[in-house]
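Colleague: I have just opened this entry and would love a short tour. Could you take me through it?

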Amino acid sequence: MNKMSFWKNLGNRDGAQLRCDPKFRSLRSSTSRWIYASLVMGILLMSAHVCAAQSLIVKAYVDQNFVSIGQQFVLTIEISGADAQSAPVPDPPDISVFADFSGNSSSSNMQIINGRMSVSKRSINYYLARMEGKHQIPAVVLNFKGKSYHSEPITIEVSKGGTGPSAQGRQPSQRPSQLEPEGELEGNLYLVGEPDRKTVYQNEPVIVTYKIYTRVDVSSYSLSKMPDLIGFWSEEFELPQQPSTHEENVDGKRFLVAEVKKLALFPTDAGEKVIEPMEVDCDVRLRQRRRGRDLFDSFFFDDRDIFGKRVRARIASEPIEITVVPVPLEGRPSDFSGAVGSFKYDASLDKNAVSANEAITLTLTYKGQGNIKILPEPKISFPAGFETYEPKVSQTINRKGNTISGKKVYEYVAIPRFAGTHRIRPTSFSYFDPTSSEFKTIRTPEFVVTVSAVSGTGAPIASGLSRQEIKLIGRDIRFIKEDSVD
């Protein structure tokens, strides 16, 4: 048997038969490297083909598996994977035997993670149940590029009245039901302030996120009243201009939830604290049940595309009670200034050897998570004979994510006037770590500065000048007043 005829017959034989064939053994022994490489390549190509076939996934699900006659339910069809961008969303199966179609909408989502693009598309279909009994929604089938993809069938039960078994046993809802015509706002639109914790240490932040929960069309909103924050340092997190939204199931109802404000509040003293309510004004459209559009495609709607009664509603969050625990007295370091969080503290000197009257810069840097603004000015002990000036202070605060972090930098300029070996003593910084409930102290190293005498070239500089007025002749060093960054 030649190689060509062998490979023609290879596809018609299983692995066990192939391994027992003496002709295959002989061929492998004579051309083992070539066959092995070819076989491995074939396996890799087949694996790649299988992976490619799985790159398109079709799913179907309903918002509830138990409904009553006349009740609306939602069938969502979703395709995802690398080929989803070019593949069409399949049509819903025919379920007219037990339900009437009442409208649909569509949406798509694209994400790029680690350089890979992920695309998903959805078709949201609304039905009214009309026949009692246990029914099956057939599998959704998508034929694309010569291949067939399908979802799993879904069982749904329609009863005469009520909602069937308790909501705890239901599949999570994916899309909310539309409001009844001219639906009421009560229970369908409200504001919640959610703290990440209810008990904190003094100067430990509590993160409060304010969210609008809605089942009606909110065309716009505005903050009408901020909470009274007396007794707190506050930092506001950066949020996107378009509110970040997601869906939640509350007491069996699906709500669109939009984050509209996020604050980090640092209590300045211990005791029981109350964060007063925040108030938001919303422009709302109360409308008839609509076809062909999903309420949850966007948090905002174009006025030209909305009909119904327009109302302006003011919603307010509930007061939030916070217990603030004092920082312990036991084990408190003498240099503790009230900083609570997680920090690093270091120092650097730009030069260790200079001539008399030549400036040096000592930089001390705080980094970490916590209230950056209250980090104290370091206590520096410069040697005698060093002329010093007020430090340049700068700070950078990161208000993204779920923590307030950043750094604070103090830059000290000093001019040694006399030759010799001088030492800048270490400094220390102590803070309280709420995670471990312990005080921690960080010390900087000692710096040794060697100052050499320079005869006839060191220009005397009058003492008492501010750092904004210093000009060191021949060194081209200038200090310009800079405001610290908030």
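Colleague: Leaving aside neighbours within four places in sequence, which residues is S381 in contact with?

Modeller: Happy to help! This is a predicted model, where local features need pLDDT of at least 70, side-chain atom pairs count only at pLDDT 80 or more, and totals for chains, interfaces and linings use all residues. Residues are numbered from 1 along each chain as its sequence is written, and side-chain values use heavy atoms, with hydrogens and water left out. Contact means heavy atoms within 4.5 Å. With neighbours within four places set aside, the partners of S381 are I424 and R425.

Colleague: How far apart are the C-alpha atoms of S381 and R425?

Modeller: S381 sits in the loop between β23 (360-370) and β24 (386-388); strands here are DSSP runs (E, at least two residues), numbered from the N terminus. R425 is 44 residues away along the chain. Their C-alpha atoms are separated by 6.1 Å.

Colleague: Is I57 buried, partly exposed or exposed?

Modeller: I57 belongs to strand β1 (residues 56-62). Buried means under 20% relative accessible area, exposed over 50%, and partly exposed in between (1.4 Å probe, protein chains only). I57 has a relative accessible area of 38%, so the term for this residue is partly exposed.

Colleague: Which residues does I57 contact, leaving aside its neighbours within four places in sequence?

Modeller: One residue to look at beside I57 is A82, 25 residues apart from it along the chain, with 9.4 Å between the C-alpha atoms. The contacts of I57, again without neighbours within four places, are E78, I79 and S80.

Notes:
Helix = DSSP H or I, 4+ residues; strand = E, 2+ residues; numbered from the N terminus.
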